[in-house]
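Trainee: I am new to this structure and would love a close look at one part of it. Could you pick a single region, walk me through it slowly, and then show me how the rest fits around it?

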Amino acid sequence: MNFCRECNNMLYPHENEQDAQLELVCRNCEFIELAENKCIFTHHTKETEEEKSIVWGDVAADLTLPRTYRRECEKCSEREAVLYLIRSKEAVSLYFVCANPSCYHRWKN
């Protein structure tokens, strides 16, 4: 986060279309400086507590869970995958778990 040298308010990213440059602009005093870092946003995702608590190998070995033969594992090219739903406070996520015992790769739909 960057702050204005003149009034100490926060600087906001703004594209200078004429010069094709990223600038940081103060909305209070209109101070402008060129942005040193071109990255303006980074989103880091974490596994939820529900996802951390699952032993994914056990999911793939569970014969009572539904399976599909229409999804190919990107790691080992196995055509069989187990479908597994995880309900959290925010959403419901559908996971596929590779049924190959030497892989157990998982991915979201």
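Mentor: We will start with the whole fold, then stay for a while with one pair of residues and their surroundings, and finish with the rest of the chain.

Please keep in mind that this is a predicted model. The protein has 109 residues, and 29% of them count as buried. Its secondary structure comes to two helices and seven strands. Reading along the sequence, you meet them in the pattern β-β-β-α-α-β-β-β-β. About 8500 Å² of surface is accessible, and carbon and sulfur atoms own 46% of that. As for contacts with a separation of 6 or more, 26% of them are between residues 24 or more positions apart.

Now for the close look. The part I have chosen is built around two glutamates, E23 and E33, which touch each other. E23 lies in strand β2, while E33 is found in strand β3, which covers residues 32-34. Are these two residues buried or exposed? The cut-off to remember is that buried means under 20% relative accessible area. E23 has a relative accessible area of 10%, so E23 is buried. E33 has 19%, so E33 counts as buried too, although this value lies just under the cut-off.

What do their side chains meet there? The side chain of E23 makes a polar contact of 2.9 Å with that of N16. The side chain of E33 has a polar contact with R5, at 3.2 Å. If you leave out residues up to four places away in sequence, E23 touches Y12, P13, H14, N16, I32, E33, L34 and A35. With its neighbours within four places set aside, E33 is in contact with R5, L11, E23 and L24.

Two of those names lead straight to the nonpolar core: L11 and L24 are contacts of E33, and both are also members of the largest nonpolar core. That core has seven residues, and the others are C4, L22, C26, F31 and A35. A35 is a name you have met already, among the residues touched by E23. Strand β2, residues 21-26, gives the most to this core, with three residues. In soluble globular proteins, nonpolar side chains tend to be buried together.

One more feature belongs to this neighbourhood. Y12, which E23 touches, has the charged end of R27 sitting over its ring, 3.6 Å from the ring centre.

Two residues with an uncommon backbone angle are worth a visit as well. Most residues other than glycine have a negative phi. N8 is not a glycine, yet it has a positive phi of about 65 degrees. N8 is in the segment before β1, the strand of residues 11-16. E30 also has a positive phi of about 65 degrees without being a glycine, and its place is in the loop between β2 and β3. Both are exposed: N8 has a relative accessible area of 60%, and E30 has 63%.

Let us now step away from this part. Apart from the largest core lies another, of five residues, among them C73, A81, C98 and W107. W107 brings us to an aromatic pair, the one that a search of the whole structure finds. The rings of F96 and W107 have centres 5.8 Å apart and planes at 20 degrees, so this pair is stacked. Planes under 30 degrees apart count as stacked, which is the step behind that word. F96 comes from strand β6, residues 92-98, and W107 from strand β7, residues 106-108, so the partners are eleven residues apart and the pair links distant parts of the chain. Both are buried, F96 with a relative accessible area of 4% and W107 with 15%.

A last glutamate makes a good contrast with the ones we began with. E74 lies in the loop between β4 (67-68) and β5 (81-87). At 65% relative accessibility, E74 counts as exposed, whereas E23 and E33 are buried. E74 has a polar partner too, for its side chain and that of H105 are joined by a contact of 3.5 Å. E74 and H105 are 31 residues apart along the chain, and their C-alpha atoms are separated by 8.4 Å.

Notes: Residues numbered from 1 in each chain as written. Predicted model: local features only at pLDDT ≥ 70, side-chain atom pairs only at ≥ 80, totals over all residues. Heavy atoms only, no water. Phe/Tyr/Trp six-rings, centres within 6.5 Å; stacked < 30°, edge-to-face > 60°. Helix = DSSP H or I, 4+ residues; strand = E, 2+ residues; numbered from the N terminus. Buried < 20%, exposed > 50% of the residue type's maximum accessible area, 1.4 Å probe, protein only. Lys NZ or Arg CZ within 6 Å of the ring centre and 35° of its normal. Contact = heavy atoms within 4.5 Å. Areas by Shrake-Rupley, 256 points an atom, 1.4 Å probe, with all protein chains shown as cover. Polar contact = N/O pair within 3.5 Å; in protein donor to acceptor, adjacent residues only side chain to side chain. Core = buried A, V, L, I, M, F, W, Y, C linked by side-chain atoms within 4.5 Å.
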